[in-house]
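Q: Please take a close look at one helix in this model and at what follows it. Then show me how the parts around the rest of the chain are set up.

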Amino acid sequence: MQKPDSLIFDMDGTLWDAVDTYANSWNLVFEKMSIQRVIGRNDLMQLMGMEGKKLTKVLMPDFDDDRAQGIYMDVNETRRQILPTSGGIMYDGVTEGIKQLATKYKIFILSNCAVGIIPLFISWAKIEDDVTDSIAYGQNNMPKHHNMQLLIDKHHLKHPVYIGDTNGDAEQTRMAGIPFIFVTYGFGKTDDYALKFDDFKSLTKYYMSL
C-alpha cells in the first residue's frame with residue numbers, strides 16, 4: 001500500500017459518538033407529533049452509518065415513504081438545532097490527532113448523515129482550519145463510494161484512504177477502489193481492511209511516521 005496523500009474520515013463511530021444526541025432528536029420529534037415511540041441508544045447503535053432512506057424504513061416501518069421522509073427531515077432539523085449544545089463525545093486523541101495529521105495530509109470527512117451535520121461536528125471539535133473538505137449523504141442522496149469519487153476528482157487525490165468503523169464502510173471503500181482503514185473502537189466489525197487501529201492515537205502515530 002502506497003503512502004497516502006489524503007485521509008478521508010467517516011464521522012460517527014470514527015471521530016465521535018453522538019448517538020445519545022441523535023436519539024434525543026428522534027424522541028423530541030415523536031413527542032411533538034404525539035407518536036408513541038421512544039428511540040433508545042441501542043436502537044440506533046445497530047443502524048449507525050445507514051443511509052437515510054434505509055434508516056426510515058427500519059425505524060418507521062408503519063409509515064408510508066412520504067410520511068416517514070417528512071418525519072426524518074424534521075428529525076434532522078431538530079438535530080441541527082440541538083447539536084451545537086448537546087454535541088457528542090470525541091474519541092480520545094481525535095482533536096489533537098486531526099490537527100497533527102493536517103500538517104502532513106489533506107483531511108476530509110465523508111458521512112452518511114444529513115446536510116449541515118458535518119460542519120456542526122467540525123465546529124464542536126474545533127478543527128475548522130484542519131479539514132480541507134467534507135461531503136454528506138444528504139447533499140446528493142448518493143452512497144459513500146460515489147461521494148468518495150467526487151472528493152477524489154474534485155481535489156485530484158492520488159492515493160487517498162478511507163477510515164471508518166463498519167463493514168458497510170469497508171464495502172463502499174472497496175467499491176471506490178481505495179484502501180480501507182478500520183478503527184476497532186467504533187460501532188461495527190469487519191475483517192475486510194488494509195490496516196486496523198484500536199485507538200486514534202496509534203493511527204495518528206502511524207501516519208505521522210510515514
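A: Lys-126 comes right after helix H6, and its phi is positive, near 60°. This is a predicted model, so every value here is computed from predicted coordinates.

Start with the helix itself. H6 covers residues 117-125. Its buried residues are Ile-117, Ile-118, Phe-121, Ile-122 and Ala-125. Where do these buried residues sit, seen down the axis of H6? They fall within an arc of 140°, so they line one face of the helix.

Two other residues also have a positive phi. One is Asn-141, with phi near 55°. Asn-141 is not a glycine. Its place is the loop between H7 and helix H8, which spans 144-155. Is Asn-141 buried, partly exposed or exposed? Its relative accessible area is 41%, so Asn-141 is partly exposed.

The other is His-156, again a residue other than glycine, with phi near 55°. His-156 lies in the loop between H8 and strand E6, residues 160-164. The relative accessible area of His-156 is 60%. The cut-off for exposed is over 50%, so His-156 counts as exposed.

Now take a charged contact partner. Asp-133 belongs to strand E5, which runs over residues 133-136. Its side chain and that of Lys-154 are joined by a polar contact of 2.8 Å. Asp-133 has a relative accessible area of 16%. Buried means under 20%, so Asp-133 is buried.

Next come the pockets. Asn-141 returns here, as one of the residues closest to the centre of the second largest pocket. That pocket has a volume of about 210 Å³. It is lined by 13 residues, and Gln-69, Tyr-72, Asn-76 and Gly-138 are also among the closest to its centre. Which elements give two or more residues to this lining? They are helix H3 (52-59), helix H4 (65-86) and helix H7 (137-140). H4 gives the largest share, five residues. By class, the lining has six nonpolar, five polar and two charged residues.

The largest pocket has a volume of about 300 Å³. It has 16 lining residues, and the closest to its centre are Gly-49, Met-50, Asn-112, Thr-166 and Gly-168. Here helix H9, residues 167-176, gives the largest share of the lining, with four residues. The lining divides into five nonpolar, six polar and five charged residues.

Last, look at the aromatic rings. The whole structure holds eleven aromatic pairs. One of them joins Tyr-206 and Tyr-207. How are these two rings set? The pair is edge-to-face, with 85° between the planes and 4.9 Å from centre to centre. Tyr-206 and Tyr-207 also belong to one aromatic cluster with Tyr-105 and Phe-197. The two tyrosines of the pair can be told apart by their accessibility. Tyr-207 is at 1% relative accessibility, so it counts as buried. Tyr-206 is at 29%, so it counts as partly exposed.

To recap the helix: the buried residues of H6 line one face, and Lys-126 follows with its positive phi.

Conventions. Residues are numbered from 1 along each chain as its sequence is written. This is a predicted model: local features need pLDDT of at least 70, side-chain atom pairs count only at pLDDT 80 or more; totals for chains, interfaces and linings use all residues. Side-chain values use heavy atoms; hydrogens and water are left out. On a 1 Å grid over the protein atoms alone, a cavity is a set of points where a 1.4 Å probe fits but cannot get out, and a pocket is an open set with protein on both sides within 12 Å along at least five of seven lines; lining residues have an atom within 4 Å of a point. Grid points are joined across faces, edges and corners, and a volume is the space filled by probe spheres set on the points. Ala, Val, Leu, Ile, Met, Phe, Trp, Tyr, Cys and Pro count as nonpolar, Asp, Glu, Lys and Arg as charged, and the others, Gly among them, as polar. Rings of Phe, Tyr and Trp (its six-membered ring) pair if their centres lie within 6.5 Å; planes under 30 degrees apart count as stacked, over 60 as edge-to-face and the rest as tilted. Buried means under 20% relative accessible area, exposed over 50%, partly exposed in between (1.4 Å probe, protein chains only). The arc is that of the directions from the helix axis to the C-beta atoms. A polar contact is a pair of N or O atoms within 3.5 Å; within protein, one must be able to donate a hydrogen and the other to accept it, and residues adjacent in sequence count only if both atoms are side-chain atoms.
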